[in-house]
Amino acid sequence: TLFALIGVTTIGAIWGSTIAYAGLLKVVGISALPWILGAAAVLSIVGAAVYSAFAPVLSNGRLMVAIYVIGIVGLLLGLVLLHQGSLLAYPVLYLLYVAWLPVYNPHLVTFITGFTDSQAAKRVVPVVLAGMRVGLIVAGLTMVVLNRWLSPEGIIVIWLLSYVASIGLVLAAPHFAANNPEVARTARSGARVGYVASLREGADYTRQSRYLRWVMAAGFVLLMLLALIEYRSSQLLLGVFPTQADLSSYLGLLGALGNLVALPLLLFGLSRIIARFGLGATSLIYPVINLVTAGWLFAVPGAASASAAYLDRSAFRAAFQFPVEGLLFNAVPLGMRARARALSVGLVGPMGAFGGSLLLLLPLAAQSEWFVGGLVLVLSVVYLAISLVVRREYSDAVVRMLREEDYSSMLHQDASPVMV
């Protein structure tokens, strides 16, 4: 059921968001993209605050349904604007989707782990999340067929219906779970900590931790860089594909091919690379890929380099950056880990994306085709340099964490039964 839930949501969302993104670029124009990226960054901060307010008081299932309902309301608004022929339709659809994802993705993992204990979650979560990759592949490969059969409005309707079906799967999931009592628990256990208080505590600890300061700097620069990469790659692809359907079909196919590579890496390759070379060395894979892509985009701007840039910020990031970033926070003491993560995802990252959108609003971004490409290259070098520092600091941070962590409470816990 959980695998189906993720697959249905992903297929519908990729179909709809791809046609909305292509419509934004083709109907409204590339000049609107910086404003969308900046507004999405602000909305994601607001969304994280609202989520943190309701997470302690609603069960995982109810909160998951509420997130889908908010998505449905946004899609209904977009459909109304499309029916009226408004130029705001595609910008609104894409904006609300980009702002919705930072709330949906973390809670999806929370919802899944609510059906298992912590040990089983390590086995179950990667397999279930593979449904997202499968959904991305299926949606991308079928995008061209969908464009032939349906209008953009029809594809948005299917997007909406996929969320409705997903609500049904969320409600049905407890009936198929072996561990039903876990479903009723809230997304946050223990004492309730407000969003602002959580960010403040995370910021206070980050100021004291050299390692975390560099991790936050890497996240800030990366999100700024990704905003510029999205703009430059979209700018180049716009000149190659004449229609909204052509552009969306190509982006869908490109995403499917990228995820065909990313899926086996996520399931089998990354864990072996980490085991062989260590987390520090593995954390440099994505920054190096990023730098190579940025150099190609700057030196030979065209459809090929733009396609590589699209894969860099989507499939390659999912395969190499997302999992490693999460593991890097394991070098933070357990009591501060969630707060540091909240600071990174809820504030520092969106601020980086907002900064990238401000750079794109500079007059030179529209006047010179080399300006954005040059910024991408420079920021890629900076991101790699910061990643090298993070790698160097990681080992020391693990040692400090082990010294700071208080394990004395474990002496008072009952021993777990061990089979010998």
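In this predicted model, Y310 is found in helix 12, which covers residues 303-313. The secondary structure of the chain comes to 16 helices and zero strands. Of the 420 residues in the chain, 52% are buried. Among contacts with a separation of 6 or more, 85% are between residues that lie 24 or more positions apart.

**Y310 and its surroundings**

- Y310 has a relative accessibility of 14% and counts as buried, because the cut-off for buried is under 20%.
- Leaving out residues up to four places away in sequence, Y310 touches L251, L254 and G255.
- One of these partners, G255, is 55 residues from Y310 along the chain, and the C-alpha atoms of Y310 and G255 are separated by 8.2 Å.

**Helix 12 with helix 13**

- Helix 12 packs with helix 13 at an angle of about 40°, and the axes of the two helices are 3 Å apart.
- Helix 12 and helix 13 are therefore oblique to each other, since angles under 35 degrees are the ones that count as roughly parallel.
- On the side of helix 12, the contact is made by L311, D312 and R313; on the side of helix 13, it is made by A315, F316 and R317.
- By class, the residues of the contact of helix 12 with helix 13 are three nonpolar, no polar and three charged.

**Helix 9 with helix 13**

- Helix 13 spans residues 315-328, and its axis comes within 8 Å of the axis of helix 9, crossing at roughly 30°.
- Helix 9 and helix 13 are therefore roughly parallel to each other, as the limit for that description is an angle under 35 degrees.
- The crossing of helix 9 past helix 13 is right-handed.
- From helix 9, the residues that meet helix 13 are G258, N259, A262, L265, L266, L270 and I274.
- From helix 13, the residues that meet helix 9 are A315, A318, A319, F320, P323 and L327.
- This contact of helix 9 with helix 13 has 11 nonpolar residues, two polar residues and no charged ones.

**Helix 9 with helix 1**

- Helix 1 covers residues 2-28 and helix 9 covers residues 244-277.
- The axes of helix 1 and helix 9 come within 9 Å and cross at roughly 135°.
- That angle makes helix 1 oblique to helix 9, because an angle has to be over 145 degrees to count as roughly antiparallel.
- Helix 1 passes helix 9 in a right-handed crossing.
- Helix 1 contributes T18, I19, Y21, A22, G23, L25, K26 and V27 to the contact, while helix 9 contributes Q244, L247, S248, L251 and G252.
- The residues of the contact of helix 1 with helix 9 divide into seven nonpolar, five polar and one charged.

**Two residues of helix 9**

- D246 has its place in helix 9.
- D246 counts as partly exposed, with a relative accessibility of 34%.
- D246 and I19 are 227 residues apart in sequence, and their C-alpha atoms are 9.9 Å apart in space.
- S249 also has its place in helix 9.
- S249 is buried, with a relative accessible area of 13%.
- Apart from its neighbours within four places in sequence, S249 is in contact with M143, V144 and N147.

**Helices 2, 3 and 8: length and burial**

- Helix 2 has 22 residues, from 33 to 54. At 1.5 Å a residue these should span 32 Å, and the end C-alpha atoms of helix 2 are 31 Å apart, which agrees.
- The buried residues of helix 2 are L33, P34, I36, L37, G38, A40, A41, S44, G47, A48, Y51 and S52.
- Helix 3 has 24 residues, from 60 to 83. The expected span of helix 3 at 1.5 Å a residue is 34 Å, in agreement with the 35 Å between its end C-alpha atoms.
- G85, which follows helix 3, has a positive phi, near 75°.
- Helix 8 runs over residues 210-238 and has 29 residues. From its first C-alpha to its last, helix 8 reaches 42 Å, close to the 42 Å expected at 1.5 Å a residue.
- Helix 8 is largely enclosed by the rest of the structure, because 22 of its 29 residues are buried.

Note on methods. Residues are numbered from 1 along each chain as its sequence is written. This is a predicted model: local features need pLDDT of at least 70, side-chain atom pairs count only at pLDDT 80 or more; totals for chains, interfaces and linings use all residues. Side-chain values use heavy atoms; hydrogens and water are left out. Helices (H or I, at least four residues) and strands (E, at least two) are DSSP runs, numbered from the N terminus. The expected span of a helix is 1.5 Å times one less than its number of residues. Buried means under 20% relative accessible area, exposed over 50%, partly exposed in between (1.4 Å probe, protein chains only). Axes are lines fitted to C-alpha atoms, for helices over the stretch in contact, and angles run from 0 to 180 degrees between N-to-C directions. Angles under 35 degrees count as roughly parallel, over 145 as roughly antiparallel, 65 to 115 as roughly perpendicular and the rest as oblique. A crossing is left-handed if the near helix is turned anticlockwise from the far one by less than a right angle, and right-handed if clockwise. Contact means heavy atoms within 4.5 Å. Ala, Val, Leu, Ile, Met, Phe, Trp, Tyr, Cys and Pro count as nonpolar, Asp, Glu, Lys and Arg as charged, and the others, Gly among them, as polar.
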